Amino acid sequence: MPRQDSVTMDTESTYSGYSYYSGRSRGSHRHGERTRDRHKSRSKDSRSEKSVTINTPPAEPLLGDSSVRGEPVQDDNWGETTTAVTGTSEHSLSQEDIVRITKDLEDSVGLDCRRYFTLTLAVILGLLVFLTPLAFLVLPHVLWPDKLQTCGTACEGLFISVAFKLLILLLAVWALFFRPPRAALPRVLVFRALLAVLVLLFVVSYWLFYGVRILDTQDENYQGIVQYAVSLVDALLFIHYLAIVLLELRQLQPYFSLTVTRSTDGETHHYNLGQLSIQRAALAIIEHYYCDFPVHNPALLSASKSRAAKHLAGLKVYNVDGEFPAAQAEGPGNNSGAAAGLAQSQSRAMIAAAARRRDTSHNELYYEEAEHERRVRKRRARLVVAVEEAFTHIKRLQEEEQKKAPGDIMDPREAAQAIFPSMARALQKYLRTTKQQHCHSMESIQQHLAFCITNNMTPKAFLESYLSSGPTLQYSKDHWLSRQWTLVSEASVTSGLKDGSVFLLKCVDFSLVVTTKKIPYIQMSEEYIDPKSHKFVLRLQSETSV
Amino acid sequence: MTCYIPGQPVTAVVQKIEIQKLRQGDRLILGFSIGGGIDQDPSQNPYSEDKSDKGIYVTRIAPGGPADVAGLRVGDKIMQVNGWDMTMIKHYQALKKLTKPNEDVVRLLVTRKSLEQAVRGAMGLQ
């Protein structure tokens with residue numbers, strides 16, 4: 001009899017094992033009562049962890065025949081055996097470990113082939129460029145030495161000039177082009193490619209002229225040939241000048257102001273850049289990111305995520321009227337539409353209910369934050385005192401004293417190890433409260449302490465790197481997890497920056513959103529003030545005429 | 001002038017002066033300038049005996065103007081204007097009390113050192 005079951009239901013305080021057609025239901029005791037009243041004809045099996053009475057075999061679902069809905073029969077025990085999926089932290093340390101493993105894999109594969117390809121091309125072009133003037137000078141001696149005029153003094157002077165100009169060109173090319181590459185950019189650098197093509201065309205045209213007019217006719221005027229070689233080297237130097245202007249000087253003048261925002265916590269910085277292509281601007285921004293932005297700490301974001309989860313978890317939507325069966329009966333074609341409509345109405349219902357209920361979560365947030373602030377300040381005070389006290393225990397020995405020191409003499413590492421235990425506990429508690437404990441390992445702290453002792457730094461200087469979270473560069477290599485960045489942009493990445501262009505720099509944990517604004521044209525006018533025009537008078541009592 | 005004891009009422013020998021305002025264009029003028037006030041620097045006052053006296057003093061008289069005709073003199077301390085007290089007042093407020101647009105006549109109570117001396121002399125004679 002259902003009545004009996006209701007009695008056993010009353011004594012249960014945990015979830016009921018009712019299977020409900022909409023999914024696992026872990027309704028409250030009250031909810032179970034309501035459904036019972038509605039479906040008195042059914043005898044239900046009620047089970048919980050505590051009660052062991054089984055009245056009827058758990059064969060049928062709650063609402064009539066399952067065949068009507070075309071749904072697989074749900075076991076009433078289904079609720080017990082499923083494990084609840086609570087809000088796991090997606091940003092736990094395990095993900096960082098995974099990323100670290102994949103990063104090692106990526107490093108080995110990389111874009112090495114492309115880099116070597118461009119490197120070999122550059123070397124070939126360089127060799128061609130350098131050997132061409134020498135070839136121009138040497139070939140006549142090799143091919144028609146007897147017909148050639150002897151080289152006079154002017155001609156020999158030109159040899160010196162060719163030699164020195166080639167040396168300067170060599171040094172200049174080495175300075176500009178043969179620097180260790182900073183990054184592997186997605187597309188080819190347009191200006192460099194254009195310059196390479198220009199140089200190639202230039203050299204080829206010189207060779208053509210040489211081949212046709214000098215080699216074929218076997219010109220005897222050696223001085224003319226030497227002058228031709230000198231003109232080639234001069235022109236190459238001018239092309240190098242063009243390269244400097246295009247590649248280096250053009251983007252020095254600031255033209256755009258870029259705003260970079262980190263997507264996880266909103267940290268924003270502004271940078272001024274010149275006229276660059278989007279990929280080069282992205283590279284400049286990443287380099288600034290490592291210096292300016294405080295390190296990304298996923299532990300600090302968990303609070304807002306748990307709040308969001310609580311907002312959603314407080315409400316559950318149960319569809320009591322039989323809308324769903326009708327959708328099912330019409331077949332799979334209409335299913336998605338009906339399901340979508342159902343989902344939409346469900347979410348609207350949730351939003352309405354959330355708006356209506358009295359939400360006191362802002363109160364909780366306020367008090368929680370105040371409490372946290374107070375705790376952090378207390379721990380910080382303890383830490384500062386502990387560190388200051390620890391630093392008083394060691395003293396630096398002067399040169400003369402080193403010979404006649406009383407106790408053992410320690411080097412910085414040993415000194416750090418000696419005073420570390422007295423401050424370790426306070427430091428650890430502080431790091432735990434500010435959720436920085438995974439950024440600093442014991443080893444790194446001791447190393448930093450030894451470094452501070454060696455350089456005569458005060459306790460305050462030692463603590464500075466723990467009290468405020470510094471830029472990513474400050475931490476160990478583990479935190480440079482994201483050396484693989486993805487540039488997401490609607491415009492082509494080799495196109496230049498424009499006013500209002502937006503692009504994203506994605507890495508594993510977060511992304512940087514970059515917006516561009518043009519620096520406005522500044523209209524400045526002058527106003528001349530004669531230095532003699534600065535005159536003053538004492539202001540006596542104000543006298544007003546009536 | 002009488003000495004000023006803080007907290008005690010001020011006693012002085014005063015003279016009633018009635019000035020008829022003169023209309024000049026759209027303004028009514030009285031023909032003198034005032035200085036002083038509790039928001040001004042009393043040490044700059046050339047006419048006061050006690051350099052901490054923050055009262056309103058007459059600093060200039062336009063010759064032939066209504067004030068001159070009525071008998072106001074330079075260096076007079078104005079004690080009252082139409083019944084409004086002028087001994088503890090801001091400079092701007094004193095101005096407003098003197099230049100009310102709907103009044104044609106201002107009745108001042110002024111004091112000066114010669115008055116005191118005259119009264120003492122008269123009492124001494126008796």
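1. Let's start with the charged pairs. Over all chains, the structure holds 14 salt bridges. Bear in mind that this is a predicted model. In general terms, side chains of opposite charge can pair when their charged atoms come close. A few of these pairs are worth finding on screen, and the next points go through them.

2. In chain A, look for Arg413(A) and Glu443(A), which form a salt bridge with their closest N and O atoms 3.7 Å apart. Arg413(A) sits in helix α16 (residues 412-433) and Glu443(A) in helix α17 (residues 442-454), so this bridge ties together parts of chain A that are 30 residues apart in sequence. Is this pair tucked away? Neither end counts as buried, because Arg413(A) has a relative accessible area of 45%, which makes it partly exposed, and Glu443(A), at 40%, counts as partly exposed too.

3. Now over to chain B, where the side chains of Asp53(B) and Lys77(B) meet in a salt bridge, 3.1 Å from N to O. Asp53(B) belongs to the loop between β4 (32-35) and β5 (56-61), while Lys77(B) is in strand β6 (residues 77-81), so the pair links parts of chain B that are 24 residues apart in sequence. Both of these residues, Asp53(B) and Lys77(B), are buried.

4. Another chain B pair stays inside one helix. Arg120(B) and Glu116(B) form a salt bridge, with 3.2 Å between the closest N and O atoms. Both lie in helix α3 (residues 113-125) of chain B, four residues apart, or about one turn of the helix. Are the two ends buried or exposed? Arg120(B) counts as exposed, at 52% relative accessibility, whereas Glu116(B) is buried, with a relative accessible area of 13%.

5. Next, the place where the chains meet. Here 19 residues of chain B are in contact with seven residues of chain A. The size of an interface is often given as the accessible area lost when the parts come together. For chain B and chain A that comes to about 1,000 Å², with 48% of it on carbon and sulfur atoms. If you want to know where to look on chain B, try Gln40(B), Gln44(B) and Leu95(B): they supply 33% of the area that chain B buries against chain A, more than any other three residues.

6. What holds charge across this interface? The rule finds one salt bridge between chain B and chain A. Glu543(A) and Arg60(B) meet through their side chains in a salt bridge, at 3.3 Å from N to O. Seven residue pairs are in polar contact between the two chains. On the side of chain B that touches chain A, β4, β5 and α2 (91-98) each give two or more residues, and β4(B) has the largest share, with four. By class, that side has seven nonpolar, 10 polar and two charged residues.

7. Finally, the nonpolar interior. The largest nonpolar core has 29 residues, and Phe136(A), Phe202(A), Tyr222(A) and Val226(A) touch the most other members. The elements giving two or more residues are α6 (112-143), α7 (153-177), α8 (190-215) and α9 (222-249) of chain A, with α9(A) giving the most, 11 residues. Phe136(A) is a good one to click on: beyond its neighbours within four places in sequence, its contacts include Tyr206(A), Trp207(A), Ile225(A) and Leu232(A). Apart from this core lies another, of 24 residues, including Ala386(A), Ile419(A), Ala450(A) and Ile453(A).

Conventions. Residues numbered from 1 in each chain as written. Chains lettered and ligands numbered in written order. Predicted model: local features only at pLDDT ≥ 70, side-chain atom pairs only at ≥ 80, totals over all residues. Heavy atoms only, no water. Core = buried A, V, L, I, M, F, W, Y, C linked by side-chain atoms within 4.5 Å. Buried < 20%, exposed > 50% of the residue type's maximum accessible area, 1.4 Å probe, protein only. Contact = heavy atoms within 4.5 Å. Salt bridge = Lys/Arg side-chain N within 4 Å of Asp/Glu carboxyl O. Buried area = accessible area lost by both parts, 1.4 Å probe. Polar contact = N/O pair within 3.5 Å; in protein donor to acceptor, adjacent residues only side chain to side chain. Nonpolar A, V, L, I, M, F, W, Y, C, P; charged D, E, K, R; others polar.
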